[in-house]
Amino acid sequence: MVENLDRSLLTFASYSDYLNSFIKSDDYLYLGSMGTVRRFVKLGYRCSSKVFEESEFHKIRHQLAILINPKVTSDVLYGRYFKGTDAALKALMEREEPNMLRKLSTIIFLQVRQRSGFDISGYIDFEKSLRDCNFQKPDRTNWKSVFEGKTLLTPKPTDLSYYDWHKGIVYHNNTDNFHAVNGGESLIFMHKADHKLVPMTDKPSIYSINVVRRMIKSELYGFMTLYDHVVR
């Protein structure tokens, strides 16, 4: 999982430097060879935590580099598969790149009727959902299929907020971008980068300046509401 990647690997310029961080001066004194010492380190004799193989080390560093300083090109934007006319998907396509660059943080609100006839609704962290798709996480949304119009975007229990209207089940989850705060009558999320409060309501408040709310009529979704927060 991206959230569990060892960010300390970014502090090492090379794999040798990483292995050397586990070595003490006495190790070289007793074993006499740096190569031998490093082999012992890779076998896990110097620490209780996992020691990464060289291929793992470089793979994780690459994933972290993308996460911290993403370079977005048209080849990784799922919106390029959008060829239709649906206003909601068009709005998401326009917001994809600034979300991937973390200049904009969009929360999507949807209420969807299931085949059972009962509704589910939820608030979706757009950037996190796109990133989960990029990293092929098990519970990911297939954004290529969504933009192609083959799959409908649907709230999940793992999203920022999820409500099953029939079963009365409610879930609230924090993400890399947001965590929920007590907002009294309305749901409020705090953006973790700039600590601004982003209210999920159309009622005026002292925090309204932090968000632009837009309700979009959609051929596919009925209505979709987008909450855009410009990251400062």
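Select Tyr227 first, a residue of strand S9 (residues 222-230) in what is a predicted model. Tyr227 has a relative accessible area of 4% and is therefore buried, since buried means under 20%. Display its surroundings next. Leaving aside residues up to four places away in sequence, Tyr227 touches Ser105, Thr106, Ile107, Phe109, Tyr123, Pro199, Met200, Thr201, Val211, Val212 and Arg213. Two of these neighbours merit a closer look. The side chain of Arg213 makes a polar contact with the side chain of Tyr227 at 3.3 Å. Val211 is 16 residues apart from Tyr227 along the chain, yet their C-alpha atoms are separated by 6.1 Å.

**The six-stranded sheet**

Now widen the selection to the sheet that contains S9. Six strands form this open sheet, in the order S4-S3-S2-S1-S9-S8, with antiparallel pairing. Which strands stand at the edges? They are strand S4 (169-172) and strand S8 (212-218); each has a single partner strand, so one side of each is left without a neighbour in the sheet. On average, neighbouring strands are turned by 10 degrees against each other, direction ignored.

**Strand S2 and its partners**

Select S2, residues 119-125, and then S3, residues 161-164. The two run antiparallel and are joined by 4 bridges. Within this pair, Ile120 stands opposite Asp164 in S3, and Ser121 has Tyr163 of S3 as its bridge partner.

On the other flank, colour strand S1 (104-113). S1 and S2 run antiparallel, with 7 bridges between them. Ile108 can be found opposite Ile124 in S2. The hairpin of S1 and S2 has 5 residues between the strands, and there Gly117 takes a positive phi near 95 degrees.

Is S2 buried or exposed? Of its 7 residues, 7 are buried, so the strand is largely enclosed by the rest of the structure. Show the side chains to see how they are arranged. In a regular strand, side chains alternate between the two faces of the sheet. In S2, Asp119, Ser121, Tyr123 and Asp125 point one way, while Ile120, Gly122 and Ile124 point the other way. All of these residues are buried.

Add helix H6 (126-134) to the view. H6 lies across S1 and S2, and runs at about 85 degrees to S2.

**The largest nonpolar core**

In soluble globular proteins, nonpolar side chains tend to be buried together. To view such a grouping here, select Leu92, Ile108, Leu110, Trp143, Leu153, Tyr221 and Met224; of the 25 residues in the largest nonpolar core, these touch the most other members. The elements giving two or more residues to this core are helix H5 (87-100), S1, S2, H6, H7 and S9. Which of them gives the most? H5 does, with 5 residues.

Centre the view on Leu92. Not counting residues up to four places away in sequence, Leu92 touches Ile108, Phe126, Trp143, Phe147, Leu153, Met224 and Leu226.

**The three-stranded sheet**

Move to the other sheet, an open one formed by 3 strands in the order S5-S6-S7 with antiparallel pairing. Strand S5 (178-181) and S7 are its edge strands, each pairing on one side only. From one strand to the next, the twist averages 35 degrees. Select S6 and S7, which pair in the antiparallel sense over 3 bridges. Phe189 has Val198 in S7 as its bridge partner.

**Two loop residues with positive phi**

Select His195, in the loop between strand S6 (188-191) and strand S7 (197-199). Its phi is near 65 degrees, a positive value in a residue other than glycine. His195 counts as exposed because its relative accessibility is 55%, and exposed means over 50%.

Then go to Gln136, which is found in the loop between H6 and helix H7 (143-148). Gln136 is likewise a residue other than glycine with a positive phi, here near 55 degrees. With 58% relative accessibility, Gln136 counts as exposed.

**Confidence**

Finally, colour the model by pLDDT. The average over the protein is 83, and 79% of the residues score at least 70. Select residues 27-31, where the pLDDT is below 50; this stretch has 10 contacts in the model beyond near neighbours in sequence. Where pLDDT is low, the predicted coordinates should not be read in detail.

Definitions and conventions: Residues are numbered from 1 along each chain as its sequence is written. This is a predicted model: local features need pLDDT of at least 70, side-chain atom pairs count only at pLDDT 80 or more; totals for chains, interfaces and linings use all residues. Side-chain values use heavy atoms; hydrogens and water are left out. Buried means under 20% relative accessible area, exposed over 50%, partly exposed in between (1.4 Å probe, protein chains only). pLDDT is the predictor's confidence in each residue, from 0 to 100. Contact means heavy atoms within 4.5 Å. Two strands pair if DSSP finds at least two bridges between them. Axes are lines fitted to C-alpha atoms, for helices over the stretch in contact, and angles run from 0 to 180 degrees between N-to-C directions. A polar contact is a pair of N or O atoms within 3.5 Å; within protein, one must be able to donate a hydrogen and the other to accept it, and residues adjacent in sequence count only if both atoms are side-chain atoms. A nonpolar core is a set of buried Ala, Val, Leu, Ile, Met, Phe, Trp, Tyr and Cys residues joined through side-chain atoms within 4.5 Å.
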